[in-house]
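Got your viewer open? Load the model and get ready to click through a few selections.

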Amino acid sequence: MSVTLQGIEQARQRIRSSIYFSPAPHSEALSRMTGHPLFLKLDNLQRTGAFKERGALNKILTLTAEEKSRGVIAASAGNHAQAVAYHATVHGIRARIVMPLMTPLVKTAATAAYGAEVVLHGANYDEACDEALRLAAQDGMTFLHPFDDDAVIEGQGTIGLELLEQIERLEAVVVPIGGGGLIGGVACAIKESNPKIRVVGVQTERLPSMLRAAENGSPVAIAAEATIADGIAVRRAGERTLPLVQRYVDEMVTVDEEEIAQSILVLLEREKTLAEGAGAVALAALLQQKTSLRSERTAALVCGGNIDVSLLARIIERGLVKDGRRTRLRIHLTDQPGALHQLTRILAEARANIVQTAHDRAHYGVSLGDTVIDITLETRGGEHIEEIRQWLRQAGYRHERID
């Protein structure tokens, strides 16, 4: 079997009654920010929060009765896990999922809630996959690969068919890459329908496994790295996906952790759209002008929204600091009654909102009779921070910024 446009069209007919036809709205704000007429394909709105449902369901529906009876097993950092768990349970099939030890709690909890038995094993996807294959052989279960399987790839490719229907005069598609199942299917659907449309892939800078595979001419295992884009944290590209990338993908680029975090924040603030790290890399590449695209009518895939809430909180805090909307000042003042009241009065007059304070009398080289206070402030931006500091200087306060 090999991935074909006909196979992708058949997959669409097979899964369409159970998969949400996700919207692809035009974004005025992001079009201005990126320089492209930009559309967002919101597959983070699927039932389990990611595009993986398409491939998982297509694979499940092509299993034989005997394969279904033995139960299914998969390895995943989260989204494939939830997709398999949900659709296997709906079809009355026993499911076991092996997930890396550091998988976000939101994903392990959701996978179990969808009806699967969750096994935590290994430091990354590859170690979890090895364990899943061992358990599949030991217990006779049917292994469902998250990306290196033709039925899975064709299921993911249904996104490409939808984009062609949804966006008139589509000129480019930007797609996240992990193992390559998503971009392999989407690129096949797009290029076999209209070869003029450009397909750009985006990987995290920390795990560019498909880039290394393309350079080498075959998949190679690269060193494991931690990344907030855990959904595409794959050390080795697929044997079946690499030829599709080589044939159909025009360009591949990478984005770093800060760029991914900024993209998550931009989607949340400008579009009211929640994306996980892997779901935000396509937009990150466009925001940072990483691609060779210029002003093409472009679709960026927001392919998943299963982000750990604590990580999201850290991203928001860091984003506020980076944008100058939150800052921390270390201010020296006399240790006497009323000193703090006088300081807070000045900050109030400067229209700064105090978020947190911390006194210290013993460190930072403080003289006896003096104290230091670290104050975290909400501000309107960089210019406002400088206004606040000017107020403090005029009042005679020695201080420094400690962001």
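Here is a short tour, one selection at a time. Keep in mind that this is a predicted model.

**Stop 1: helix H10**

Select residues 181-193, which make up helix H10. Put a distance between its end C-alpha atoms and you should get 18 Å, in agreement with the 18 Å expected for 13 residues. Now turn on a surface: eleven of the 13 residues are buried, so H10 is largely enclosed by the rest of the structure. The buried ones include Gly181, Gly184, Gly185, Cys188 and Lys191.

**Stop 2: the core around it**

Stay with H10 and show side chains. It gives seven residues to the largest nonpolar core, which is the largest share. That core has 36 residues, and the ones touching the most other members are Leu163, Leu170, Val173, Leu182, Val186 and Leu301. To see who else contributes, colour H9 (158-166), E6 (172-176), H11 (209-216), H12 (241-248) and E9; like H10, each supplies at least two residues. For a different patch, pick Leu42, Ala172, Val202 and Ile307, which belong to a second, separate core of 35 residues.

Next, centre on Val173. Beyond its sequence neighbours within four places, Val173 is in contact with Leu163, Val186, Ile190, Ile197, Arg198, Val199, Val200, Ala299 and Leu301.

**Stop 3: Gln156**

Jump to Gln156, in helix H8 (residues 150-156). Is Gln156 buried or exposed? With a relative accessible area of 1%, it falls under the 20% cut-off and therefore counts as buried. Look for Val186 from the first two stops: it sits 30 residues along the chain from Gln156, yet their C-alpha atoms are separated by 6.6 Å. Leaving out residues up to four places away in sequence, Gln156 touches Gly181, Leu182 and Val186 on the H10 side, and also Phe51, Lys52, Arg54, Gly55 and Pro146.

**Stop 4: Glu296**

Last click: Glu296, in the loop between helix H14 (277-287) and strand E9 (298-302). Which side chain of opposite charge is nearest to Glu296? That would be Arg198, 4.9 Å away; Glu296 is buried yet has no salt bridge. A salt bridge here needs a separation within 4 Å, so the Arg198 pair does not count. What the Glu296 side chain does reach is the backbone nitrogen of Arg294, at 2.7 Å.

Expand the selection around Glu296 and, setting aside neighbours within four places in sequence, you'll find His36, Pro37, Glu171, Ala172 and Arg198 in contact. Two of those names should look familiar: Ala172 is part of the second core, and Arg198 is also in contact with Val173.

Note on methods:
Residues numbered from 1 in each chain as written. Predicted model: local features only at pLDDT ≥ 70, side-chain atom pairs only at ≥ 80, totals over all residues. Heavy atoms only, no water. Helix = DSSP H or I, 4+ residues; strand = E, 2+ residues; numbered from the N terminus. Buried < 20%, exposed > 50% of the residue type's maximum accessible area, 1.4 Å probe, protein only. Lys, Arg positive; Asp, Glu negative; His and termini not counted. Polar contact = N/O pair within 3.5 Å; in protein donor to acceptor, adjacent residues only side chain to side chain. Contact = heavy atoms within 4.5 Å. Core = buried A, V, L, I, M, F, W, Y, C linked by side-chain atoms within 4.5 Å. Expected span 1.5 Å × (residues − 1).
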